[in-house]
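Q: I am new to this structure. Please show me how to read helix packing and buried residues in it.

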Amino acid sequence: MTGFSSISREDERATIAVTIRSVNHRYLDLQLRVPQALASIESDVRAIVGRFVARGRVEVGLSFQVRQSPGIDVEFNETFGAALEEAIDKARQRGLVTGTLTPGDLLRLPQALTIRERPIEADEAAQEALAARAREVVGEALADLDVMRLREGGHLRGDLDQRRTLVADLVERVAAAADDGRAAVETRLRERVRELRDELQADETAVAQEIVRSAARSDISEEVARFRGHIAHWVTLSDSVEPCGRKLDFLLQEMNREVNTMGSKADGLRVSELIIAAKAELEKMREQVQNVE
């Protein structure tokens, strides 16, 4: 899930920059920083991110700088103009001034005219063009982020596949050791019964059945079969194009449960050692799976 992308694109209208960071998280946690002028595309950006990312904490920063000269608004102060006209008329009647006001006269009076740059929000066509371009750049940045995440995913896949193979081999060795241990238990019980046969008056059939039942308590064939099924399911999920991190996490919980049951039931030399090794590998896999989307 970890990745970083920083892209800047410019055209005749504006320069748009997008920075995206993603780290591990249990769910999709999206944090957006969008300028007020582009607040209208926030929902679109969230939808675009959702098409690329299913899990993780994602921070998206979007900024822009307009390259075109902004439009100019010139406002005439009507109130000031009316008062000025009245004052000039009075001065003309008294013979103090002659002629009329010229544009140059008005420009020399700061109260007469207000000159403002027109914000981009006021130009709907420019606003829409900028928003469309911003969506494109966000998509490009997410595609670039995916390249890094896929590269990391390839390394994770290799590590997890290696550990999965190791755990599967350990469980097969546990199964073999458990079979040997169960056979040894049956042999010990039969030898002990033969030693006590002269002293005990017991039904041979009943004794044989009890020996089989006692040995069967250490049978882990069902757990081994389920574990093999989990391994096969793991391969299927890993090969799928759909996000599988949470499913793999759940599958590891089930695999760990099966290994714990094997450890509590199985007898035999080296069983405990093999169980500890398998659980250690499963814990490493669980930590690694937290990085998988």
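Q: Which residues of α6 meet α7?
A: Contact means heavy atoms within 4.5 Å. In α6, the residues that meet α7 include F227, H230, W234 and L237; among their counterparts in α7 are L248, L251, L252 and M255. This is a predicted model, where local features need pLDDT of at least 70, side-chain atom pairs count only at pLDDT 80 or more, and totals for chains, interfaces and linings use all residues. Residues are numbered from 1 along each chain as its sequence is written, and side-chain values use heavy atoms, leaving out hydrogens and water.

Q: How is the packing of two helices described?
A: Two packed helices are described by the angle between their axes and the distance between the axes. Here α6 (residues 221-239) and α7 pack at an angle of about 160°, with axes 10 Å apart. That makes α6 roughly antiparallel to α7 (angles over 145 degrees count as such).

Q: Is D249 in α7 buried or exposed?
A: Buried means under 20% relative accessible area, exposed over 50%, partly exposed in between (1.4 Å probe, protein chains only). D249, in helix α7 (residues 245-265), is buried yet has no salt bridge (a side-chain nitrogen of Lys or Arg within 4 Å of a carboxyl oxygen of Asp or Glu). The nearest side chain of opposite charge, R55, is 5.0 Å away.

Q: What does M285 touch?
A: Not counting residues up to four places away in sequence, M285 touches L160, R163, R164, V167, W234 and L252. M285 lies in helix α8 (residues 271-289) and is buried, with a relative accessible area of 0%.

How values were computed. Helices (H or I, at least four residues) and strands (E, at least two) are DSSP runs, numbered from the N terminus. Lys and Arg count as positive and Asp and Glu as negative; His and the chain ends are not counted. Axes are lines fitted to C-alpha atoms, for helices over the stretch in contact, and angles run from 0 to 180 degrees between N-to-C directions. Angles under 35 degrees count as roughly parallel, over 145 as roughly antiparallel, 65 to 115 as roughly perpendicular and the rest as oblique.
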